[in-house]
Amino acid sequence: MEGDCLSCMKYLMFLFNFFIFLGGACLLGLGIWVIVDPTGFREIVAANPLLFTGAYIMLAMGAMLFLLGFLGCCGAIRENKCLLLFFFMFILLIFLAELSAAILAFIFRENLTREFFTKELKKHYQRNNDTDIFSSTWNSVMITFACCGVNGPEDFEDIRHLPYSSLEKATPEACCQRELQSREGMFVNKEACLEGIERFQNRQGCYTVILNSFETYVYLAGALAIGVLAVELFAMIFAMCLFRGIQ
């Protein structure tokens with residue numbers, strides 16, 4: 001009976017570690033996508049140091065889970081006590097680190113508000129100055145997502161230091177409609193856009209557009225994170241039970 005329980009626990013341990021392996025692979029893939037994605041999400045991440053750091057943390061955590069899931073599977077199948085203890089200690093450290101990251105994300109969530117981005121835009125944006133990383137990033141985001149400012153074109157009316165001629169409104173050319181949403185895309189009517197004719201401008205704010213675009217992915221990432229934490233907890237329990245059961 002004891003041998004049957006040990007065998008059952010071993011295969012359950014293998015199963016949980018297999019899920020950890022898959023969860024780590026998903027986080028690793030998501031982290032790589034955020035960093036190398038050419039469609040604009042990388043530009044948003046780069047604009048905020050907190051998000052930029054978070055992307056690399058997610059990448060590192062995914063790699064560690066990927067490796068530990070693999071080691072846990074090997075330790076369970078081979079019934080190696082040393083490997084199981086090593087696995088338990090590391091999975092515990094990762095579990096605590098993930099909880100800490102979740103708490104920090106909750107504490108610093110005000111850095112992702114509409115008001116924060118609006119304040120930063122009005123303070124640092126320099127229109128078509130592509131040598132300025134902040135301005136270039138915002139221009140890329142506005143072109144990619146066919147949006148304008150944080151709330152809309154009115155955000156730029158209060159930026160007094162923007163250089164534009166008397167024939168132009170404050171709206172930058174990155175807010176002008178294009179036939180193809182990329183820097184190489186042709187303008188629908190650039191002159192009319194810069195003169196303030198609304199039908200040639202992207203009028204919707206980037207905050208709403210991006211929030212709607214990634215809302216599904218945020219919930220998916222949250223559900224994945226909760227699932228990974230639950231699997232890690234069960235894996236630690238089974239690792240200790242298997243460790244104590246091995247003679």
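Colleague: Let's start with C176 and C193: are they buried or exposed?
Modeller: Both C176 and C193 are buried in this model, which is a predicted one. To earn that word, a residue needs a relative accessible area under 20%.

Colleague: And what joins C176 to C193?
Modeller: A disulfide, with the two sulfurs 2.0 Å apart. The cut-off for calling a pair of cysteine sulfurs a disulfide is within 2.5 Å, so 2.0 Å passes. The angle about the S-S bond is -90°, and this link is left-handed. C176 sits in the loop between α6 and α7 while C193 is in helix α7, so the bond ties together parts 17 residues apart in sequence.

Colleague: What is a disulfide, anyway?
Modeller: It's a covalent bond between the sulfur atoms of two cysteines.

Colleague: How many disulfides does the rule give here?
Modeller: Three. If you number the bonded cysteines in sequence order, they pair up as 1-6, 2-3, 4-5.

Colleague: What makes the C147 and C206 disulfide right-handed or left-handed?
Modeller: Look at the torsion about its S-S bond: that's about 90°, so this disulfide is right-handed. C147 lies in the loop between α6 (133–144) and α7 (190–194), and C206 in helix α8 (residues 206–245), so the pair ties together parts 59 residues apart in sequence.

Colleague: How do you know that C148 and C175 are joined?
Modeller: Their sulfurs are 2.0 Å apart, and the limit is 2.5 Å, so the pair counts as a disulfide. Its torsion is about 85°, so it is right-handed. Both C148 and C175 are in the loop between α6 and α7, 27 residues apart.

Colleague: Why is C148 called buried?
Modeller: Its relative accessible area is 0%. Buried means under 20%, so C148 fits. C175 comes out at 0% too, so that one is buried as well.

Colleague: What about C26 and C73, why does each get its label?
Modeller: C26 has 43% relative accessibility, which lies between 20% and 50%, so C26 is partly exposed. C73 has 10%, which is under 20%, so C73 is buried.

Colleague: Which residues make the nonpolar surface patch?
Modeller: Y11, L12, F14, L15, F18, F19, L22 and I77, covering about 680 Å². Helix α1 (residues 2–36) gives the most, with seven residues.

Colleague: Why does Y11 meet the exposure rule for a patch?
Modeller: Y11, which lies in helix α1, has a relative accessible area of 48%. Patch residues need over 30%, so Y11 clears that bar. But 48% is not over 50%, so Y11 is called partly exposed.

Methods
Residues numbered from 1 in each chain as written. Predicted model: local features only at pLDDT ≥ 70, side-chain atom pairs only at ≥ 80, totals over all residues. Heavy atoms only, no water. Patch = residues over 30% accessible without salt bridge, like charges linked within 9 Å, V, L, I, M, F, W, Y side chains within 5 Å. Areas by Shrake-Rupley, 256 points an atom, 1.4 Å probe, with all protein chains shown as cover. Salt bridge = Lys/Arg side-chain N within 4 Å of Asp/Glu carboxyl O. Helix = DSSP H or I, 4+ residues; strand = E, 2+ residues; numbered from the N terminus. Buried < 20%, exposed > 50% of the residue type's maximum accessible area, 1.4 Å probe, protein only.
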